[in-house]
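Thanks for coming. I have one structure to go through today, and I will keep to what can be read from the coordinates.

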Amino acid sequence: MLTGRFSVKLIKWMIALVAATALVLIFLTEYKDYRLAYNKELTDRSTREGKEVTVVIPADASVKEIAAILHKLGLIQYEGAFVERLQNSEFRGKLKHGTYKLNTGMNTLQMMEIMASEEENAIIQRLTIPEGFTIDQIAERCEEKDICSARQFINACQSITRSKFRYLEDVPAGIDVRYRLEGYLFPATYDITENTTAESLVQWMLDTFTVYYNDELRAIAEERGLNSYQVVTMASMIERECAIAEERPVIAGVINNRLKADMLLQIDSTVLYPITEGMFNKPQVLYEDLEVDSPYNTYKYGGLPVGPICNPGIACITAVLKPMEHTYYYYHVVDEKSGEHAFYQTLEDHEQSINGVTVEDMKKAAIAIDEQDQEDPFGINDQNQNGQDQNGQDQNGQDQNGQDQNDQGENDQDGGEGNDGGG
């Protein structure tokens with residue numbers, strides 16, 4: 001009897017112990033998540049898309065009261081993290097009362113900077129960097145807007161180290177690239193203040209890339225065997241090649257198919273980038289350009305180009321990580337105005353499309369020739385026709401196809417826009 005009661009008590013104690021252990025584990029897990037989120041807010045220097053919020057800080061408001069106001073408005077998550085960061089920052093004791101325009105995408109350090117010296121940090125203009133801009137083009141725009149000189153911006157890019165931007169670890173050492181940061185300056189609209197410098201702007205662009213290239217995308221890249229540098233390199237080609245959103249994953253699939261087949265990518269933009277020194281101010285590629293000896297030139301060298309040829313947006317990065325699976329290996333522009341492409345499985349179909357001859361046209365021509373051979377197997381009619389045309393009058397008509405072919409060659413010499421995707 002005692003043994004039975006003891007067994008029941010033992011079981012109850014074991015259940016209680018298991019329940020207590022589970023509660024402890026839940027608490028520890030939640031506390032760990034809390035500390036991670038707290039520390040992120042405490043140290044985060046990145047920015048993200050958000051909404052503008054008007055903040056009114058009353059006179060004589062304490063630091064804790066300011067933190068409570070920011071928390072209530074949804075600008076911060078942890079009041080304690082804000083207070084702790086402020087006490088250890090250059091803005092300690094400098095926050096002023098007044099009305100401020102803050103943004104939910106700002107980090108707490110940016111908020112402190114604005115509230116510490118609102119007049120000095122008032123937004124004076126906005127800098128918009130389109131998807132597909134290169135470092136050289138961004139530098140030129142900064143100089144045009146009198147933010148900094150082009151040389152200052154480029155120097156700022158070249159001064160960034162791995163300690164300031166972790167993804168530089170993915171850039172192979174010693175490679176012959178124009179800029180190691182090409183591909184990582186995230187295209188977006190940036191608020192420019194009196195205190196904005198070339199260095200702070202470059203760092204802001206890199207921080208923004210880190211926000212958008214999040215854990216989910218990094219995990220997908222790892223599953224596909226790609227590091228960040230390979231991702232932005234492929235995305236940069238798609239950005240320069242594609243004008244229609246729906247085509248991005250299709251072109252990503254073409255690139256994958258050609259790489260798997262050990263085919264040259266033959267993408268025109270990889271030629272324009274080196275020959276225009278990153279400005280893309282030449283509208284078309286000439287045949288002679290295809291021979292430029294550059295590690296970016298995918299007509300001359302296999303695999304991916306040595307590095308990105310522009311700074312892609314998140315849509316093209318996503319296309320690389322989520323490409324369309326298909327059997328296309330070729331494409332070319334069919335509508336110059338919209339930038340629409342047509343895609344092909346074979347080189348024959350691709351070239352016939354470029355020359356304005358469809359597969360059906362070729363089949364009909366082959367049938368007509370076969371029927372003519374059956375009716376006149378010895379070519380007697382052709383011989384008579386040639387005999388009548390010794391003056392060359394019909395000879396010119398007979399060579400109309402040859403003339404057209406020469407004309408086509410001259411058109412191609414003007415530019416290779418129709419030769420996208422290995423054409």
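**Asp 289 and its surroundings**

The side chain of Asp 289 is in polar contact with the side chain of Lys 282, at 2.7 Å. Before going further, please note that this is a predicted model.

Asp 289 sits in the loop between α11 and α12. Is Asp 289 buried or exposed? Its relative accessibility is 9%, and because the limit for buried is under 20%, Asp 289 counts as buried. Leaving aside residues up to four places away in sequence, Asp 289 touches Val 271, Ile 275, Lys 282, Gln 284 and Asn 297.

Asn 297 also turns up in the next set of contacts, those of Thr 270. Thr 270 belongs to helix α11, which covers residues 269-275. Thr 270 is buried, and its relative accessible area is 0%. Which polar contacts does the side chain of Thr 270 make? One goes to the backbone oxygen of Tyr 296, at 3.4 Å. Another, of 2.7 Å, joins it to the side chain of Thr 298. With residues up to four places away in sequence not counted, Thr 270 touches Met 237, Tyr 296, Asn 297, Thr 298, Pro 305 and Ile 309.

**The chain as a whole**

Let me step back for the overall numbers. The protein chain has 17 helices and six strands. It has 423 residues, and 41% of them are buried. Of the contacts with a separation of 6 or more, 66% are between residues 24 or more positions apart. The accessible surface of the chain is about 24,000 Å², and carbon and sulfur atoms account for 50% of that.

**Helix α8**

Now to individual helices, starting with α8, residues 215-223. Its buried residues are Leu 217, Arg 218, Ile 220 and Ala 221. Why do these four belong to the same side of α8? Because the arc they cover around the axis is only 160°. The other side of α8 has Asp 215, Glu 216, Glu 222 and Glu 223, which are exposed.

What do the buried residues of α8 pack against? The partners are α7, residues 198-212, α9, residues 228-241, and α12, residues 314-321.

Both ends of α8 have something to show. At the N-terminal end, Asn 214 acts as a cap, with a side-chain oxygen 3.2 Å from the backbone nitrogen of Glu 216. After α8 comes Gly 225, which has a positive phi, near 75°.

One of the partners of α8, namely α12, can be taken from its own side as well. The buried residues of α12 are Cys 316, Ile 317, Ala 319, Val 320 and Leu 321. They pack against α7, α8, α9 and α10, the last of these being residues 248-260.

**Helix α2**

Helix α2 runs over residues 63-72, and its buried residues are Ile 66, Ala 67 and Leu 70. These cover an arc of only 100° around the axis, so they are on the same side of α2. The face turned away from that side carries Lys 64 and Lys 72, both exposed. The cover over the buried residues of α2 includes β1 (52-57), α3 (79-87), β2 (98-103) and α4 (108-116).

α2 is followed by Gly 74, with a positive phi, near 80°. Gly 74 is in the loop between α2 and α3. Its relative accessible area is 48%, which makes Gly 74 partly exposed. Gly 74 and Asn 103 are 29 residues apart in sequence, while their C-alpha atoms are 9.7 Å apart in space.

**The largest pocket**

Last item, the pocket. Rolling a probe the size of a water molecule over the atoms shows where empty space is left. The largest pocket has a volume of about 1,300 Å³. Its lining is made of 49 residues, and the ones nearest its centre are Thr 47, Met 106, Gln 110, Asp 191 and Trp 204.

Which element supplies the largest share of that lining? It is α7, with seven residues. At least two residues each come from β2, α4, β3 (123-128), β4 (189-193), α7 and α12. Several of these elements have been mentioned already: α7 and α12 as packing partners of α8, and β2 and α4 as part of the cover of α2.

That is all I have. Comments are welcome.

Key: Residues numbered from 1 in each chain as written. Predicted model: local features only at pLDDT ≥ 70, side-chain atom pairs only at ≥ 80, totals over all residues. Heavy atoms only, no water. Buried < 20%, exposed > 50% of the residue type's maximum accessible area, 1.4 Å probe, protein only. Arc of directions from axis to C-beta. Contact = heavy atoms within 4.5 Å. Polar contact = N/O pair within 3.5 Å; in protein donor to acceptor, adjacent residues only side chain to side chain. Areas by Shrake-Rupley, 256 points an atom, 1.4 Å probe, with all protein chains shown as cover. 1 Å grid on protein atoms, 1.4 Å probe; cavity = no way out; pocket = protein on both sides within 12 Å on 5 of 7 lines; lining within 4 Å. Points joined across faces, edges and corners; volume = space filled by probe spheres on them.
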